[in-house]
Structures are given as C-alpha cells and as structure tokens.
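Visitor: Please show me the sequence and the model, and then let us go through them point by point.

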Amino acid sequence: MPSLILTLSPLVPDLRAFCITTCHTFTVKRHSSSKRWQARQQKDRYTREATVQGLKSRAAFKLLQIDEKYRIFRSGQTVVDLGYAPGSWSQVAVDRTKPNGRVLGVDIIPAQPPRGVSTIQGNFLSAEVQKYVQGFLCDPRRGRPYEDGYIMPGRGSEDFSQHALDIEAGNPGANRESDSELKTVDVVLSDMMMNTSGVSFKDHAGSMDLCHAALQFGYNVLKTGGNFVCKFYQGAEDKELEKQLRELFRRVHRLKPESSRNVCAAHESIIGVR
Ligand SMILES: C[S@@+](CC[C@H](N)C(=O)[O-])C[C@H]1O[C@@H](n2cnc3c(N)ncnc32)[C@H](O)[C@@H]1O
C-alpha cells in the first residue's frame, strides 16, 4: 500500500477551542514564538549546510530527503527539472544520475546553469515551450555531458525565444507523432512556483496550473517505471491532483519533507512512482 502522509488543515474553531485559546493566550504566544524561533534556526542550519556543500540553495535537502526515502534516481537517467532556477534540485539530479545521466532544466527566468545541466528558458505554461522541450529530449544524446561534466561549449543553455521560429518551421523532434519516441525521460521534477500574492486561494490555483502542466508533460514523456515529483501550494484542489496521480502511477506518496517542516507550512510535495 502506498504510504500517504497528509497534513491536516486547522479545524474550524468551535466555542470550546475559542475558550481554550482566549484563556491561554500567553502560553500560546510563547509556544508559537518559540516554534518560529525553532523554524528560523532550522532554516539557517540548512542554508549554512547548502553553502558548505556548494549547493545553490537549501531546497536541495528536500529532494535529497525524497530520494533517500523513495529512491527516485539511478545512474544514467534522463531528468527534467521544471522551474530549476537557481538550480539546487538540478545539482542533486546531476549527482544522483552520474555517470552518464542527463539533466535538462527549464525556467521562465534566466539563470546560470549548474555544471552538467542543459537549460531552456521559457514559460512552461506555453504549449510551444513544452513542444520545444519534448523535441530536445527526443534525441537521447542531446544534453548528455562529457566525462568532465561539461555538455557542449556554448550549447548548455538555450533561450526558447530564439527557437520559436524553428518550431514554427517544424523543428525536427518537436513535432514527432510517435508516443514511444517521446517517452525518453526517467524522472520529471517540478518545483515551479510563481511569486506568491499572499492570497492563498490565488496562490493555490496558480500552483495547481503549474502542477497540471507538469503532470501532463510527465504523462507524455515518462518511460514506464519513470518517477514524478511535484511541489505545490496546498489548497482545495490538491485532492484532485492526487487522484489524477493515483490513476497514472503505481504508488503515490504525499509528504512534507523534514527540511521544510514549520518553515513553509503551505508547501507540500507529491511523488508518483511508476
Ligand atoms: C522555488 S523556485 C525553484 C527552486 C529550485 N528547485 C532549486 O532547487 O533551486 C521556483 C522556480 O519556478 C520558476 N517558475 C515559475 N513559474 C514558471 C513557469 N511558468 N515556467 C517555468 N518556470 C517557472 C520560477 O522562475 C522559479 O525559478
């Protein structure tokens, strides 16, 4: 049976709960400020550790925890990292798929690609960008690093806008029809998050759009046995996302990794293992 770790939303406060909170305001305040203090300390610890290890951000530890638990990576795999910037998940993917793995990062913002990662800059909600990414992946040699970790001088990073015309003109690979030719990917990661507005239902809806785009892409490109990891902003629609994953993957795990507990309470990850 899949293990399912669910985070419960706070209950609607009833009268008794209201009485308890008002009677113990001082205790509750101390408790929550000490929790915040603990969370800050933990955040700092991961940030420091990321710097020591040469990782682009502490987000790497979330993915390391996921891999430790579910073994999503193997050497030689093809990994697509959606919303890769600044690149710590990609760094983990390069390390866990070496030797001979290939990692392709996609992000809407320009960023310096981590060593051993090919990147495409573009909005992943655009169908053209998705087609371009699929075209890139069709050639299994494309983006695979040499032994020294470099990909191809001057070809490691691509700006999608420069290739829009290629696609219109029929980029080889971008318009391939055959399903099996498209299924070249072992792991799809998505940590795509737009800037949050502070309005939780809006942030949740935006996050779900990104997750659904990632899942649809995963469905198109993942090989049998491929894995999917997606981080999202919790809310009313995440049950539906989970349901869709359960239809597509043999096992589905939902978790709040240790490194984000108490720090970023609204962010959860969902993992599909085929
Ligand atoms: C939380 S950061 C990712 C951190 C990354 N996993 C790491 O470990 O360094 C979220 C990223 O998603 C990207 N993003 C948001 N919306 C996007 C979109 N529509 N298409 C592509 N990337 C997007 C943002 O630009 C941002 O770099």
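Visitor: Which residue does UniProt list for "active site"?
Guide: The model shown here is a predicted one. The annotation comes from an unreviewed UniProt entry, and such annotations may be inferred rather than shown by experiment. The residue listed there is K231.

Visitor: Which strand holds K231?
Guide: Strand 6 runs over residues 222-233. K231 has its place in strand 6.

Visitor: Is K231 buried or exposed?
Guide: A residue counts as buried if 20 or more other C-beta atoms lie within 10 Å of its own. K231 has 26 such atoms within 10 Å, so K231 is buried.

Visitor: With which residues is K231 in contact, leaving aside its neighbours within four places in sequence?
Guide: Contact here requires C-beta atoms within 7 Å. With those sequence neighbours left out, the contacts of K231 are S190, D191, H267 and S269.

Visitor: Which residues come nearest to the ligand?
Guide: There are 22 residues around the ligand. Helix 4 (88-97) and strand 2 (102-107) are the elements that give two or more residues to this shell. By class, the shell has 14 nonpolar, 5 polar and 3 charged residues. Those that come nearest are A59, G83, S88, F124 and D191.

Visitor: Which helix gives the largest share of the largest nonpolar core?
Guide: The largest nonpolar core has 53 residues, and those touching the most other members are W89, A93, V188, L189, A214, F228 and C230. The largest share of this core is 7 residues, and it comes from helix 8.

Visitor: Which residues of helix 8 are buried?
Guide: Helix 8 covers residues 200-221. Among the elements that cover its buried residues are strand 1 (78-82), helix 5 (127-138) and helix 9 (238-248). The buried residues of helix 8 are S207, L210, C211, A213, A214, L215, F217, G218 and V221.

Visitor: How far apart are the end C-alpha atoms of helix 8?
Guide: At 1.5 Å a residue, the 22 residues of helix 8 should span 32 Å. The model agrees with this, as the end C-alpha atoms are apart by 31 Å.

Visitor: With which residues is F228 in contact, leaving aside its neighbours within four places in sequence?
Guide: F228 is one of the core residues that touch the most other members. Apart from those sequence neighbours, F228 is in contact with V188, L215, G218, L222, F249, I271 and G272.

Visitor: What percentage of the residues of the chain count as buried?
Guide: The chain contains 9 helices and 8 strands. Of its 274 residues, the share that count as buried is 37%.

Note on methods. Residues numbered from 1 in each chain as written. Predicted model: local features only at pLDDT ≥ 70, side-chain atom pairs only at ≥ 80, totals over all residues. Near = placed C-beta within 6 Å. Helix = DSSP H or I, 4+ residues; strand = E, 2+ residues; numbered from the N terminus. Nonpolar A, V, L, I, M, F, W, Y, C, P; charged D, E, K, R; others polar. Core = buried A, V, L, I, M, F, W, Y, C linked by C-beta atoms within 7 Å. Buried ≥ 20, exposed ≤ 12 C-beta atoms within 10 Å, placed from the backbone. Contact = placed C-beta atoms within 7 Å. Expected span 1.5 Å × (residues − 1).
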